[in-house]
Amino acid sequence: ACSTTAPTSNAPGGGSSSAAVTKSKIFMAPKFTGLAYFEVARKGGEQAAADYGIDFQYIGSDKAEATAQIATLTNAVPQKPNALVVSAIDGDAVAPALRNARQQGIKVVTYDADAAVDARDLFVNQLSYELAAKTMLDAALLNSPQGGLVAFISASPTAPNHTAHVKFMKQLIDNDAKYKVFKYVDTVQFAGDDATKSQELARNLMQAHPDLKVIISSSAVSAPAAEQAIIDAGKGGQVFATGVALPSSVRDFIKKGHSKAFMMWDPAELGYVATVVADQLVKGKIAGKEGESVDAGKAGKYTILKDGEIDYNKPLIFTADNIDKYSF
Amino acid sequence: MSETYAPAPGLFERLGFTGGAAALRIRYLGVIGFQLILMVAFTSLVPRFIGWPNLQSVLFTAAIMAIAVCGQTIVVLTGNLDLSVGSVMGLTAYVVFDIAGHHRGLGPYVVLMALVIGALLGLLNGTLVAVLEIPSIVATLGTLSIYRGFVSFYAHATEVTVGQLPPWTRAVASSRLLGVSSYVWIALVVVILIGLALRWLPGGRTVYAYGSNPKAARSYGLRSTRIVIGAYIASGTIASLAGLMLGAQVGNINSLVGDGFELQVLAAAVIGGVSIWGGSGSVYGAAMGCIVLATINNGLVLLGVQEFYRQLIQGAAIVTAVAIDALVQQQVAARLSRRSVERAAA
Amino acid sequence: MDTPQRSDSSTGIPRLEIRSVSKRFDAVQALSSVTMTVEPGEIHALVGENGAGKSTLVGVITGLHQPDSGTVLLDGEELRVRSTQDARRAGIAAVFQDPNMFPHLSVAENIFTGQYPMAGPVVNRPLMSRRAKEKLSALGFDLDPDQMVAGLTVAEAQFVEIARAVDTGLKLLILDEPTSALTPDEAAKLYTLVRRLKAAGTSIIWISHRMEEIHLLADRITVMRDGQHVRTAPAADLDDDEMIRLMVGRSVVLQAVPNDVPLGPTRLSVRGLTRPGVFQDVSFDVAEGEIVGVAGLVGAGRTEIAQAIFGLAPGLEGEVKVDGVTVRPTSPRRMAAKGVSYLPEDRDAEGVIAAMPIEANIALPSLVRLGRWGFMSRHKERELAEQEKSALSIKGRLEDLVSSLSGGNRQKVALARWLATRPRVLLLDEPTHGIDVGTKAQVHDIMRNLARKERMAIVMVSSDLPEVLAVSDRVLVIRQGRIAADVPVAEATQESILAAATGRIPEQGDAA
Amino acid sequence: MRSILKSYSWELLLVVLIGAAFVWSSMLSPYFLDPINLANSAAFFVIFAFMALGQFPIVVQGEIDLSLPSILAVSSVTYATLAVRGVPLPAAVGAILAVTVAMGVLNGVLVARFGLPSLAVTLGTAGAFRGIAYIIAGAAGVTGLPKQYTILGRMWVWILPVWVVLTVVAAVAFAVLMGATRFGRECYAIGNNRAATRMAAVRVVRAQIGAYGLAGAMAGVAGIVWVSQYQSARGDNADGAILFVLTAVVLGGVSIKGGSGRALGVGLSLTLLGTLQTGMQLANVPGTSQTLVIGALLVIAVAVPTLLQLITSWRRKLVGSTHADQLHHDGPPSLRSAGESPLKGR
Ligand SMILES: Nc1ncnc2c1ncn2[C@@H]1O[C@H](COP(=O)(O)OP(=O)(O)OP(=O)(O)O)[C@@H](O)[C@H]1O
Ligand SMILES: Nc1ncnc2c1ncn2[C@@H]1O[C@H](COP(=O)(O)OP(=O)(O)OP(=O)(O)O)[C@@H](O)[C@H]1O
Ligand SMILES: [Mg+2]
Ligand SMILES: [Mg+2]
């Protein structure tokens, strides 16, 4: 009585793809609930749901653990959503759960943090890794035009997007003339999206490298926390933290002139695009093939690239001039 | 057998450490020795380590933890644990600063509010442990989830941003006195005050007595329920102060602030020689434990060592600390019992 | 002997009056309608078998237990105490049977717990130390008041407890078996103290199993049995036999039974056993069927020697042979496998597992035999337990928890678990410590039986000299970790043993 | 009959709660009663079940092991690394078991042989082992395992995933181990009174090291389960799982003070927690509420017996008789094993 395939459930419900679906049911699963960033993206998803008549649900655990997200996804499948929009906390560990969902005819779109390529249909990347790296370095240049020593704080050694960002930044500093003014500290520190830890690292990095000019982090928690630590250490205006941050959390720094620039994208629009893409997959408007183009309405038009990646690629650099335009 | 005895003054006695008091004091020396070894090692590898700016940075990192560890120490002295420290810190930080952000005129009442919230959370912990007799590790494991759950409920995935914090709290967080951060001074004051209270106030002595032998304490009419609840209220109140300071220091406060602090604080207490079985140890040792942890973290960043190794080294430090501690205690016990033999022989 | 003294307050109101007090613990009726009085300034001995309810009565008087019914009156007024602190305020203090120390705290703090001398809102620690020292010196005991209690010997700890209880202006002082851990010298100091307090008008309740000290001290004696008051009489009216008869409901005599069975070859042989700083060069032999009594002052190292032979002390020098085969005593398990067993002196902490049933306790050391491949047979376990239970006539059902038994029965369980392994050498450490005379005689019979019939070699460590003389075939005396005398029982007297133990009179050729 | 009911009252309570949770879950979500889904959800709890079963004898002995999730991480990354390198399956499994048992034994030696407090020791080794896992896995983790190494993750026995079946087998094995073997009896004895057990010629140190080694092996197997279910491994695997594991053990009626508890209870509590979580997730209850429910369940369930006792005593007090002193029989000190009289300092 042993078999290597799971018996599939034949409970009633949606799920059976491609057949004309008029109102799609889409679940959005962030890495974990409780972070402001994902909450903004959720607003975008809800906007898309309103615009396109989608049955939208926001699901997830408040624990930043892979097992918790896997449980969430596993239990999403029997509810027969037409699509899952997922930011993967551990892209490889959640892959089997996502593959299972796909086998059941559920479309899977990742946003923010990708899963294994064969575990999802499409990945809406906020910024291609290289563009993200460039933008962060541009923000660093705005802060410290004369360049100087850069240190990186990453979320965790196991977060692929953070790792890729650091890798590209190092390459750009090594090879791109524009960023030649920078040097970098080779060892990457990890703060696990924890504000306290980020601050401690920022302080220790400043001690370790008296000539440190910039701390760059692609964690929206770490970058503002590090800036705060710099200010409290009395180094505001001499050392800068930059990288990804919600405008709301850095408005104060920029207005007070401690910092010149942080970067991000519009998470709400990212959530919007991801939800619309999922909806169109469900409705059969797109097949998810390379080269296809996607019309996300008021959020613009995009092209599907290699490996099912859609680059949202609208970096924002927040400076004193524009920060008041952003309300998230 | 002679009527009285006066053992020949050994090294310990000549240093003023007599009898059992020596046991406790030697345990301090253990932590201090550990810290010295770390400092020598780091200085020889990275001379900048010993520079004043760096040391002051280490102290600043240790400050909030040193405050939180005081509360944990009081609870551990009673033979219990408080695993909800991190959640209490997070809850107070978020809730209080959220309210303060909406009611600008609160001023220093913010602190009062925080302390009251902390005391109430502590009261709940204490009631679960002392009245409902739930083993403390279980009870506070539960409230760890419950308190954290409450913050994320309350926060609704939004942040209290720097701009919303009362400016004076930020001012305290970044201010300095005699070249040292105010936080370090606050921590120093709190640690000393609590240390003094534990040593000189009847309530403090009662905590030690209860932790040393709960059954005897009860038979001497010490109110066990009151002592345990009191310890938890103290822990909650102190944690809320730490949470308030942490919130002001972090600036942007989300519902996850303070997560995992409980284990850091427990580790610091253990490294600082606070006996996990209750009845012995001191807040000074525990505060030293915080400095040890901060030193390890700082030194490794200075050395440019990868994060992976930090966990490894910190874990090894904890094990080494308890091992040394046990060794010292055994030595002391052996010494004392041998002295009894000498007495019998005298 | 003093005559009962009705001093100062000649109003005739008793100092303490207990009126039909009852107290029940789950299944046990510990006290049933006990009525008695204690007069001002008298020493009132309270005697009774183990489990008679003496300690429970103390608990009721001092607020440790709340009686189910009945009242306690102090100087004619109803006493309402809910803790020992309340009792203390009312003028009642007690030294309890179970040690109630705070091992991590200093001697001074142990003495003043809950009633610290204050200087405003803070504890006046220097004053506390000074007063502690005074109190101890008043007892003739000069201890460093800042020393940690964990490092004290049992006797020292006992004195700290006494110092804590004794106070000027006490109305009633209760001492529950205060001398069980003391040497005769130390006990004598306590007697002096108690007489002094009595002279100052304090009433004293003295609980003891030692007949001689009861006769030495008591004005009146109250006998209890099975939670009931049996009789109160002036000490002069009760002789030993009568008292024992009242306690047990029959007469028991502790007397030597001459050994009529010849001894066999040497079973246990110890040569040059040394643990530096604890005991040195201990050598002796025990033959099949022989009972060797080990006497000595408390702290002389008897327990340490017995435990070392049982494999509890690593780093040992010397040689141990069982039936001619050399065994290295490295662990209890190893020694048990070689047929050596050890009954610890601290029954509740080491002898039994109170929260487990009788059967599980009895079977624990025999688990290896009770099944195969690591499994154990419940059936065999019960069989074994039943057998031992009836052999030692232990009360209760097999599935009852040991915690529900009285001290004597617990001791029997502690012994039964070893007898079940059919040992060849039995090391007994204070086998009758804190046991009433009735059970004591029973235990002695069991020991004789084991030696004579089962051919075991028995080593009995005991501080009870009459017992040593009554049971042993040979007596070893330990002093400062060395064998000070090794004599056949016929040549030993209480005086000669004491002399060897204290080393006061360096006589008798045997002294090492 | 009555006494059986009484001695199994905790398990009965759990069964009732499971029934209630089933009804509640099926009302919350129409998808809950789908057997395939139930089986899938059960598979999710296998990892926790293995760790909880491993933890169980240790807790019965009155100790604790916080390092199991870290051992799992070492296991998963090592297994995945070996798999990617093409080491034959049996050799890989053998190596994993050897490594994880060794880690468990290390804990056991530190706790039992050197007498260090288990909470502190395993807090330390939890960090150290996690560091090792990161070092082995490197930054990216390990993926792309050959199929045969993860085959068990996709195998079904009739209507159940093979791992679920193996978990049930393991649970039964632990029930037998703790209920009918010498080792089990020794565990209970040690948990009740370590000193007396040692005096009864039981090889206490060996039994304790054995329990830790066994727990290590269980965490090792859990690591293999992880890899076979998730087809990848990273250094942070199962980080934070210890709270769930402890919750399962304690809710299963295993006293954290040691000496009591049954495998049946642990199995039932896992079922209860699984039912609740699955039900809530199927109903898309927000994560925060889930945390709150589980935390509250833990506290309330453990408090119920004392609460009932309190209520009866209050009632009795109202009626007039006083049994209040019985309530305070043995107080709340956590992790204090009964036999270790602190006075016996030697
Ligand atoms: N806390 C308790 N819980 C349950 N039973 C108890 C408790 N305390 C005492 N008992 C029981 O009450 C009875 C009287 O015990 P108590 O300690 O008063 O006897 P005792 O006369 O002091 O004996 P001993 O000479 O051994 O000290 C015994 O059967 C004992 O088992
Ligand atoms: N609680 C204790 N802490 C430290 N040392 C102790 C303690 N109890 C006893 N000792 C010391 O250990 C040594 C040996 O004591 P041991 O108990 O073996 O003596 P003993 O003759 O068996 O006395 P007892 O009659 O109490 O059994 C003594 O020097 C004693 O002072
Ligand atoms: Mg008694
Ligand atoms: Mg002894």
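Q: Helices are DSSP runs of H or I with at least four residues, numbered from the N terminus; which helices of chain A each supply at least two residues of the lining of the second largest cavity?
A: This is a predicted model, in which local features need pLDDT of at least 70 and side-chain atom pairs count only at pLDDT 80 or more, whereas totals for chains, interfaces and linings use all residues. Residues are numbered from 1 along each chain as its sequence is written, chains are lettered from A, and side-chain values use heavy atoms, without hydrogens and water. A cavity is a set of points, on a 1 Å grid over the protein atoms alone, where a 1.4 Å probe fits but cannot get out, and lining residues have an atom within 4 Å of a point. For the second largest cavity, the helices of chain A are H1 (36-52) and H5 (160-175).

Q: Which residues lie nearest the centre of the second largest cavity?
A: This cavity holds about 250 Å³ of space, a volume being the space filled by probe spheres set on the grid points. Its lining has 21 residues, and those nearest its centre are A:Tyr37, A:Asp193, A:Ser218, A:Ser219 and A:Ala220.

Q: What area is buried between chain B and chain D?
A: Contact, meaning heavy atoms within 4.5 Å, joins 49 residues of chain B to 50 residues of chain D. Buried area is the accessible area (1.4 Å probe) that two parts lose on being put together, summed over both. Carbon and sulfur atoms give 76% of the area here, which is about 4100 Å².

Key. 1 Å grid on protein atoms, 1.4 Å probe; cavity = no way out; pocket = protein on both sides within 12 Å on 5 of 7 lines; lining within 4 Å.
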